[in-house]
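Thanks, everyone. I have one structure to go through today, first the whole chain and then a single residue. Please have a look at it before I start.

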Amino acid sequence: MPFRIALSGLDAASTDLQVTGHNIANAATNGFKQSRAEFADIYANSIQDVSTTSAGRGVRVSRVAQQFSQGNINFTASNLDLALNGEGFFTLADSAGNVSYSRAGAYTVDRDGYVVNHNSDRLQVFAPIGSSTTNFNTGSTTDLQLPTLSGAPSATTSANVAVNLDVSGTATAATTLFDPTIPTSYDSSTSTTVYDSLGSPHTMTMYYRESDTVANQWHVYTAVDGSIVTPTTNSTAAPSSATYPSATLNFNTSGALTTGSGSVSATGTVAYNAFPVAGAADLNLTFDYNNSTQFGSAFAVNNLTQDGFATGRLSGVDIDNSGVVFARFTNGQSSALGKVALAKFNNPQGLRQLGDTSWAETFTSGDVQMGEAGTTSFGLVQSGGLENSNVDIAEQLVNLITAQRNFQANAQVITTADTVTQTIINIR
C-alpha cells in the first residue's frame, strides 16, 4: 500500500511541476492568468472502519485553479493595443460565430478592415444608434470594422455667424448701391468655405453695409463664388438693387440683435433661397446671427463655423477609456464606430481554457454578463496598452523548489517501502 500512496504523491507533485512550468513559460504572454494546483487527501473507509485509525490512501489533484488577478499594464505605440483594468473580458467571435473571451488586447486590422486578434477572431462592440457618439445598442454585439472607403461628404446647410458690426460705419455715403467690386460700397466683409453635396468647396463671402436711412440697421450681402444668394425674406430693402439683394439685421440701443425683425426670424436666423450648384444639389443655407452685436468698436469676427465638410480618408483611430471607438478622417471629421463590448462572469475560475489566451463560458462559470467599460466592475479600457501576465516569477521559482522537494520525498517513500518489502522477502 505505501507504493500506491507514494505514487499518488508523485503524480500530484508532477502535476504541480507542470502547472508551475506552464506559468513560468507564459510569464511574458499578454493577458495570461496563472494557475495554481490544488490537492485533496484520499481516505477509503467502509462502515466498519474506525476513522481514527485510518492511515489514508494518498493525495489527488482536486483542481487546477486559475488566478484572475490584475496584471500590470505596459504602454505601447498602437491605439489598437487594449488593456483592461478591472474584471471584464474582451468579447471575440470567429468566422463561424463562436464566441470566446480574452484579456489579451493585441489587435490589428485585417484586409477587410475588421479588428482581429492573432487568431483572426473579431473584436465585438456595441453598435452606435444612428450617428450618436453616446448612445449604443447594448442589446447585441457586432464586429468592429474600420471604414476602408473615403468618408462621404456633407453639404453645408447652416452657419453660425458671430460678428461685431462697428456702429460708426465706414462705407462712403456717395455710393448709394452695393457693389462687391467696390470696397467703399460696404463697411466690412468676411469669408469662409462651404461645401456642396459632392464635397466640392466654395468660397462664401458676407458683405456688411450700415443703412443710410434707418438707425441700427445693417444690410448683409452674401455671395457664393461671387454670385449673390437671395434671402427668403426682406431681400429688396434699400440700399440694394435687383442684382444685389440683401438681408437686413436690426439691433437695439444696447447693441443686441433684434429677432423677428428685418430678415431675422424669431429664433435669430436668416434663411436663403436655394442656390444652384453645377453638378450637385442646390445649397440651402441658414445663418444663425444670435451672437452678433453692434457696438462702438472695430469690426470683429468672433465666430464663423459651418456644418459641411469634404470627403475624407481614414487617418486614425482613437479609443477612450469607456471603450468608444472613434474613426478620424482627413477632413477633420470623426465618427463613433462602436463601444467595446465587455463580459464578466460570477465565477471566472469556472471558465474553460481554449488556449491562445482565451476562455469559453461553461455551466460552472455562470451565464455571461455583457456590459460597458466604466460600469459596475467591468473596468476601464486603456488604449495603447497591454496587460502583462500576472505570473510572479519569484513566487513560481519557490513553487518549483517546493514541488521538486515533494517529488523527491515521495520517491523516498517508494525507496523505503521497497527496502521494507525486500526485508520481508528475505525472512527465512
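How much area does the chain expose, and what share of it do carbon and sulfur atoms supply? The exposed area is about 21400 Å², and carbon and sulfur atoms account for 51% of it. Bear in mind that this is a predicted model.

On overall dimensions, the radius of gyration of the chain is 38 Å, whereas a compact globule of 428 residues would come out near 22 Å. Along the principal axes, the C-alpha atoms fill a box of roughly 145 × 45 × 40 Å.

As for secondary structure, the chain has 30 strands and 2 helices. Of the 428 residues, 41% are buried. If you take contacts between residues at least 6 apart in sequence, 61% of them join residues at least 24 apart.

Now the charges. There are 32 negative side chains and 17 positive ones. The centres of those two sets lie 19 Å apart.

That brings me to the single residue, Asp 121. Where in the chain is Asp 121? Asp 121 sits in the loop between strand 8, residues 115-116, and strand 9, residues 122-126. Asp 121 is buried, yet has no salt bridge. Which side chain of opposite charge is nearest to Asp 121? That is Arg 122, and the distance is 8.4 Å.

So much for charge; next, the surroundings. Setting aside neighbours within four places in sequence, Asp 121 is in contact with Val 115 and Val 116, which make up strand 8. Asp 121 also contacts Leu 92, Ala 93, Asp 94 and Ser 100.

How values were computed
Residues are numbered from 1 along each chain as its sequence is written. This is a predicted model: local features need pLDDT of at least 70, side-chain atom pairs count only at pLDDT 80 or more; totals for chains, interfaces and linings use all residues. Side-chain values use heavy atoms; hydrogens and water are left out. Helices (H or I, at least four residues) and strands (E, at least two) are DSSP runs, numbered from the N terminus. The radius of gyration is taken over C-alpha atoms; the globule rule is 2.2 Å times the number of residues to the power 0.38. Buried means under 20% relative accessible area, exposed over 50%, partly exposed in between (1.4 Å probe, protein chains only). Contact means heavy atoms within 4.5 Å. Accessible areas come from the Shrake-Rupley method with a 1.4 Å probe; for residues, only the protein chains shown count as cover. Lys and Arg count as positive and Asp and Glu as negative; His and the chain ends are not counted. The place of a charge is taken as NZ of Lys, CZ of Arg, CG of Asp or CD of Glu. A salt bridge is a side-chain nitrogen of Lys or Arg within 4 Å of a carboxyl oxygen of Asp or Glu.
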